[in-house]
Amino acid sequence: LPAEQYQLTPDALAVTRCVAQQFSEIATIGTYTGHDPDLTRAVDIMIPHYRTAEGAAFGWRIAHWLHDNRQALGVQYVIFDAKIWNIDRDQEGWRSYSPGYTSSVNDSSLHRNHVHVTVSGDAGTFRRLVSGQRGVRGLPHGPAPHHRQEQPGRERGDQLSLTGCQW
């Protein structure tokens, strides 16, 4: 994965590897110099066919999976399809997002063609659980039930886990 050529933090590395394992359709997960907050803690998961209904739904599936596994992966915030979720404002759910870093508004700046995820660095619980057990078990980290209906792109009963995510 292109992001792994950089010195990613343990949480960012877990995100890249687990997303690649959970979502085999993903071909590119990258980062770059100048990435916010920095190239070691932020990765972009490029969504194939993002302009189609299926592509957008797939992007939301990944965004929700990252949100649901936020504790295990050390996720701070996720941006997709002009929406943002932030751990510090979790009670607000997914909010509207507009890029403050550029005057150019396009599919990339609105995060329609990729899911952006920023992690704490080394706060995720996933590696500690894996290293202390023989196998990897599913980690049901999800929002309170009242949040599920408010989340864009969420299908009722659409849940994935970290089962099978290993390296």
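Modeller: Before we look at any strand, one cut-off is needed: a residue counts as buried when its relative accessible area is under 20%. Please also keep in mind that this is a predicted model.

Colleague: With that cut-off, how many residues of β3 are buried, and what follows for the strand?

Modeller: Five of the six residues of β3 are buried, so this strand is largely enclosed by the rest of the structure. For the chain as a whole, 46% of the 167 residues count as buried.

Colleague: Which secondary structure elements does the chain contain, and in what pattern do they follow one another?

Modeller: There are five helices and six strands, and along the sequence they give the pattern α-β-β-α-α-β-β-β-β-α-α.

Colleague: How should I read the pairing of the strands, and in what order do they lie in the sheet?

Modeller: The general idea is that strands of a sheet pair through backbone hydrogen bonds, either parallel or antiparallel. Here the six strands form an open sheet with antiparallel pairing, in the order β1-β2-β6-β3-β4-β5. The edge strands, which each pair on one side only, are β1 (29-30) and β5 (95-96).

Colleague: Which strands pair with β3, and over how many bridges?

Modeller: On one hand, β3 runs antiparallel to β6 and is joined to it by four bridges, with Tyr77 standing opposite Thr118 of β6. On the other hand, β3 pairs with β4, again in the antiparallel sense and over four bridges, and in this pairing Ile79 stands opposite Ile84 of β4. The strands β3 and β4 form a hairpin with two residues between them, and in its turn Asp81 has a positive phi of about 55°.

Colleague: What is the bridge partner of Ile84 in β5?

Modeller: That partner is Arg95, and it belongs to the antiparallel pairing of β4 and β5, which extends over two bridges.

Colleague: How is empty space found in such a model, and what is the volume of the largest pocket?

Modeller: In general, rolling a probe the size of a water molecule over the atoms shows where empty space is left. In this model the largest pocket has a volume of about 290 Å³, and 15 residues line it, with Asp36, Tyr97, Tyr101, His111 and His116 lying nearest its centre. The elements that give two or more residues to this lining are β3 (75-80), β4 (83-86) and β6 (114-119).

Colleague: How do the lining residues divide into nonpolar, polar and charged?

Modeller: The lining of the largest pocket holds six nonpolar, seven polar and two charged residues.

Conventions:
Residues numbered from 1 in each chain as written. Predicted model: local features only at pLDDT ≥ 70, side-chain atom pairs only at ≥ 80, totals over all residues. Heavy atoms only, no water. 1 Å grid on protein atoms, 1.4 Å probe; cavity = no way out; pocket = protein on both sides within 12 Å on 5 of 7 lines; lining within 4 Å. Points joined across faces, edges and corners; volume = space filled by probe spheres on them. Nonpolar A, V, L, I, M, F, W, Y, C, P; charged D, E, K, R; others polar. Buried < 20%, exposed > 50% of the residue type's maximum accessible area, 1.4 Å probe, protein only. Pairing = 2+ DSSP bridges.
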